Amino acid sequence: MKDHTRNKTVLLTGGAGFIGSHTATVLLDRGYDVVLLDNFSNSKRDVPTRIEKITGKPCPCEEADLLHSGEAEAAFKKHDIGSVIHFAGLKAVGESVEKPLEYYENNLLSTINLLGSMRTAGVKNLIFSSSATVYKHDNPVPYYENFPLGAANPYGWTKVMIERIIMDTAATDFTFSAALLRYFNPIGAHQSGLIGEDPQGIPNNLLPYIAKVATGELPEVRIFGDNYDTPDGTGVRDYIHIMDLAEGHLLAMEYLRKKRSHEGDFIDIGESASGAAHEGANVHAFNLGTGKGTSVREIISAFERACGRELPKSVYPRRAGDLAIVYANTDLAERELGFKARLGIDEMCADAWRWQRHCAKLPE
Ligand code: WQD
């Protein structure tokens, strides 16, 4: 079967979303062609146009839903895809607890349809948008890629299960290769201020919530617990600039394109939910983080520096399911991909604030 890996066109499912749109700008700037595929259930229809404005390159977008297998097939017939980066999926932890069936159906079935379409089209290169939520909560920090997996909510379980589906698929075809990118806390925005995190409704995550307090759209920052066993008592996470994260996708794709699989080439990707990784599968898991932890209070202070004023804040009870400290060990991504996060907390907050002002149509 023809191997399309050398084709420079990259399909980004969920490409109009936060991480997909920023990854598209990095790929276009490096000379790749991209095609976005999005059902716009959680993204804006003008994102492809904004990507074109940023890069000066065409950014075609297919409005399609991977739950309809024919729509996935059609995208591969229309474009000569060399690699796929799979971002599409529902991703709200709290919502997944309330609607588990919708999450399992949407995230798993859309991935199964995508993998089937890739097999039919002879596309052998997949980068999957995984998450730090795949790691068992009782793991010590920092998290390593071979730590035991296990989630605390249906959203996290969909990510664990999709990693398993990809491993089992790769085990049937040694010319198929995949990278499982386990994100920690992506924040910030493209320096142009034209694209950024744009959650619908009241944000669940810390940074977009703070940004809406800074624009006056929300009354105060809620600090969920200040009695954790951390330096200042607030939760600690590994925040990574979205542009560094986007770069990590480019590096992972180029790593797979260079690295052809060899029979028996065992890649240790650590324990999965149901036992040891598949021998012979050309599947590689990488943590994409900074390797550093930052507390809620430190993030708030950095955002106050970015927006130039103190923000109203109050301490609230801990949020159910939250851990005190989560951050990555990034040695593997550094060694294998040459990945290294470059941007710090102040750049993340300054870029997020520029984007938020653009969103809220506030003066520059
Ligand atoms: C960060 C810290 C909260 C909101 C997220 C996603 C998860 C995964 C990883 C994709 C915690 C505190 C938060 C607020 C607060 N992403 N907080 N006030 O929980 O680490 O996980 O990133 O796979 O799906 O949920 O991120 O931004 O929600 O919380 O004090 O209004 O900020 O307690 O310590 P989290 P978060």
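Begin by selecting the open sheet of this predicted model: seven strands run in the order 3-2-1-4-5-6-11, and their pairing is parallel. Colour the two edges next, strand 3 (61–63) and strand 11 (282–288), each of which pairs on one side only. Viewed along the sheet, the twist from one strand to the next averages 20°.

Remain at the edge formed by strand 11 and add strand 6 (residues 177–183), which pairs with strand 11 in the parallel sense over seven bridges. To find the register of this pair, display arginine 182, which stands opposite asparagine 287 in strand 11.

Two loops deserve a stop before the ligand. Select phenylalanine 40, located in the loop between strand 2 (33–38) and helix 2 (47–55). What is the sign of phi in phenylalanine 40? Phi is positive there, near 55°, although the residue is not glycine. The second stop is proline 142, in the loop that links strand 5 (125–131) and helix 6 (154–170). The peptide bond leading into proline 142 from valine 141 is cis, and its omega is near 0°. As background to both stops, most residues other than glycine have a negative phi, and most peptide bonds are trans.

Now centre the view on the ligand. How many residues surround the ligand? The shell holds 17 residues, and the closest are Ser131, Tyr155, Arg222, Arg237 and Asp322. Colouring the shell by residue class gives eight nonpolar, five polar and four charged residues. Colouring by domain instead shows that at least three residues of the shell come from each of domain 1 (4–186 + 240–288) and domain 2 (206–237 + 292–360). Among the secondary-structure elements, strand 8 (residues 221–224) gives the most to the shell, with three residues.

Three side chains can then be shown with distance labels to oxygen atoms of the ligand:

- Asparagine 185: an N or O atom of the side chain is 3.0 Å from a ligand oxygen atom.
- Asparagine 205: the corresponding distance, from a side-chain N or O atom to an oxygen atom of the ligand, is 2.9 Å.
- Arginine 319: a polar side-chain atom lies 2.8 Å from an oxygen atom of the ligand.

Finish by displaying the surface of the ligand. On its own, the ligand has 680 Å² of accessible area, of which the protein covers 89%.

Note on methods. Residues numbered from 1 in each chain as written. Predicted model: local features only at pLDDT ≥ 70, side-chain atom pairs only at ≥ 80, totals over all residues. Heavy atoms only, no water. Pairing = 2+ DSSP bridges. Helix = DSSP H or I, 4+ residues; strand = E, 2+ residues; numbered from the N terminus. Axes fitted to C-alpha atoms, helices over the stretch in contact; angles between N-to-C directions. Near = heavy atom within 4 Å. Polar contact = N/O pair within 3.5 Å; in protein donor to acceptor, adjacent residues only side chain to side chain. Areas by Shrake-Rupley, 256 points an atom, 1.4 Å probe, with all protein chains shown as cover. Nonpolar A, V, L, I, M, F, W, Y, C, P; charged D, E, K, R; others polar. Domains from an automatic or database assignment.
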